[in-house]
Amino acid sequence: MGYIENKLEETKKANDSTFITSLNLKRKFNTIYIYYDKTTLNINTLKSVSKKVFDNYFELKFSEIEKTLNYINSKTSENGYPFSKLYLSNISIQDESNLKANLIIEVPKQKRSINNIIIKGYEKFPKSYLKHYLKIKPSQVFDLNTIKSKTEQLNNLTFTNEIKSPEVLFSKDSTTLYLYLEKTKSNSFDGFLGFGTNEKTSKLEFDGYLSLNLTNNLNYGESFSLLYKSDENDQKTFQADITSPYLFNSPVGADFLLRIFKKDSSFTTINQSAKLHYQINSRHKIYGGIISTESNNLLTENITSTITDYKTQYYTFAYQFLNPQSYNLLFPIKSKVYLEANFGKRKTSINSEKQSQLTIDVFKIFNLNQKNSFYFRLNGSNLISDTYFENELLRFGGINSIRGFEENSLFSTLNGVINSEYRLQLNNSIYIHSITDIAYFENKTNNIKEKLFGYGFGFGILTKAGLFKFNYANGKTENTKFKLSNSKIHLSLIATF
């Protein structure tokens, strides 16, 4: 507290358990003037701990001395001097309430840098992730605190975990960093079964999909996904997606996609894309590439001009942000942002027309406490063109869009969906939730503007076999020109292997 000259005057025993003492505090020192060498200490470090910093000294409150010296020593350590020492020398009285002293910093002549990185437990861990994902590489200035914070990000990867904190072996001429990792199950199989009543036939109809994701089976961090979907509207979707990160040990990766969509006997649409992505850090990623689309009219008699053969080619740019919460097995991603913009042309046998498409997909979990949370998601797309064909419209609706409606049953030129859930975790493996969805869409081919509503409930159970999910939702809209009412039940199992 600054009473460094205090003296114990007298101690008396009052009884068997009580002593009375007299303490002479004497004068209190409020401030210390610390003189430093500018060649060994960064002035910006001092400005973060003191408001009064001058060319050769700075002022501190007496009560902040120890905390400040520890902070300066930690900043010195971050610059590659883990064995640095500092202390105050020549402490003397400046005046009645202030002290002065010299700050002495002892550092080795040579900085410590990482000479070697050894991985224990998962020796085949892709080394490109050390360099570009964690930003840890040999010859880098050694700072253990920074390394610990970076390696914690490994738990955000689906194919590996850090089993204990990194360790360091110091020798006279080298510094070896040891990382302790394990390979985890990262492949997944996802499927759901949906059923509801057909409004026209009053019969029970089923729909569903199968999704297979293979991750890091070659120990390069690569991923391959396969999707097949069939729904009651006689729509079929096949999609294959390959991602290869850090090509040739560079920060650039590649993404390739093939998607085939068939609408009963009306038309087929084939989408192909090739993108390059750059991983800025563990959370941020940017994309750039080309998307091509070809659609063909399957009708033998073209009774409608709204379905037409066409080809499009877009230049695409995208940004992705992921904020994980790896401690929560049920909800491992806390927030996500995905923005995409496509610009190009659509060509038919008659003419060519400029088009653009914008897409947004954002969600965030607001954790109220360990058991209660709110989930909000906003996703939407806008196709901007002078004219539109039926076979190029945006399709939405279903379990991954607005719940309570049939899969891909809604066609639009613009759509936006807000999903919200109140979630209650009963324990680490079971949760229940509400469903409240709102959507707005426009279809300029038939001048429809409509609001949709979905509401219901669901639950999820995390088992050894995977995550089992049940959702019941009722969807409706009220419009004299466009009226829908539907109820859907979805059963889903996400298995990891």
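**Exercise 1. The surroundings of Arg403**

Task: In this predicted model, find which residues Arg403 touches, not counting residues up to four places away in sequence.

Solution. Start by placing the residue: Arg403 sits in the loop between β21 and β22. Next, list its contacts beyond four places in sequence. They are Gly398, Asn419, Ser420, Glu421, His433, Ile435, Asp437, Gly454, Ala473 and Gly475. Then classify its accessibility. Buried means under 20% relative accessible area, and Arg403 has 7%, so it counts as buried.

**Exercise 2. The polar partners of Arg403**

Task: Work out which side chains make polar contacts with the side chain of Arg403, and which residues share a salt-bridge network with Arg403.

Solution. Take Glu421 to begin with: its side chain makes a polar contact of 2.6 Å with the side chain of Arg403. Now turn to Asp437, whose side chain is joined to that of Arg403 by a polar contact of 2.9 Å. The side chains of Asp437 and Arg403 also meet in a salt bridge, at 2.9 Å from N to O. This pair links distant parts of the chain, with Asp437 in strand β24 (residues 430-443) and Arg403 in the loop between β21 (394-396) and β22 (410-412), 34 residues apart. Both Asp437 and Arg403 are buried. Finally, widen the view: Arg403, Glu421, Arg423 and Asp437 are linked in a network of salt bridges.

**Exercise 3. Two further salt bridges**

Task: A search of the whole structure finds 14 salt bridges. For Glu340 with Lys275 and for Arg27 with Glu5, decide whether each partner is buried, partly exposed or exposed.

Solution. Look at Glu340 and Lys275, whose side chains meet in a salt bridge of 3.2 Å, N to O. Glu340 belongs to strand β18 (residues 333-347) and Lys275 to strand β15 (residues 267-279), so the pair links distant parts of the chain, 65 residues apart. Glu340 has a relative accessible area of 14% and is therefore buried. Lys275 is buried too, with a relative accessible area of 14%.

Move on to Arg27 and Glu5, where the salt bridge between the side chains is 3.0 Å, N to O. Here the partners are 22 residues apart: Arg27 is in the loop between β2 (19-24) and β3 (31-35), while Glu5 is in the segment before β1 (7-13). At 26% relative accessibility, Arg27 counts as partly exposed. Glu5, with a relative accessible area of 28%, is partly exposed as well.

**Exercise 4. Ser188 at the start of its strand**

Task: Find the strand that holds Ser188, and say whether Ser188 is buried or exposed.

Solution. Ser188 lies in strand β10, which covers residues 188-197. Compare its accessibility with the cut-off: 15% is under 20%, so Ser188 counts as buried. To see its surroundings, leave aside neighbours within four places in sequence; Ser188 is then in contact with Ser211, Leu212, Asn213, Ala495, Thr496 and Phe497.

**Exercise 5. A nonpolar surface patch**

Task: Identify which residues make a nonpolar surface patch together with Ile290, and explain why Ile290 can belong to such a patch.

Solution. The patch is made by Ile290, Tyr315, Phe317, Phe343, Leu358 and Ile384, and its area is about 580 Å². Within this group, Ile290 lies in strand β16 (residues 284-297). Patch residues need over 30% relative accessible area. Ile290 has 39% and is partly exposed, so it passes that cut-off.

Definitions and conventions. Residues numbered from 1 in each chain as written. Predicted model: local features only at pLDDT ≥ 70, side-chain atom pairs only at ≥ 80, totals over all residues. Heavy atoms only, no water. Patch = residues over 30% accessible without salt bridge, like charges linked within 9 Å, V, L, I, M, F, W, Y side chains within 5 Å. Areas by Shrake-Rupley, 256 points an atom, 1.4 Å probe, with all protein chains shown as cover. Salt bridge = Lys/Arg side-chain N within 4 Å of Asp/Glu carboxyl O. Helix = DSSP H or I, 4+ residues; strand = E, 2+ residues; numbered from the N terminus. Buried < 20%, exposed > 50% of the residue type's maximum accessible area, 1.4 Å probe, protein only. Polar contact = N/O pair within 3.5 Å; in protein donor to acceptor, adjacent residues only side chain to side chain. Contact = heavy atoms within 4.5 Å.
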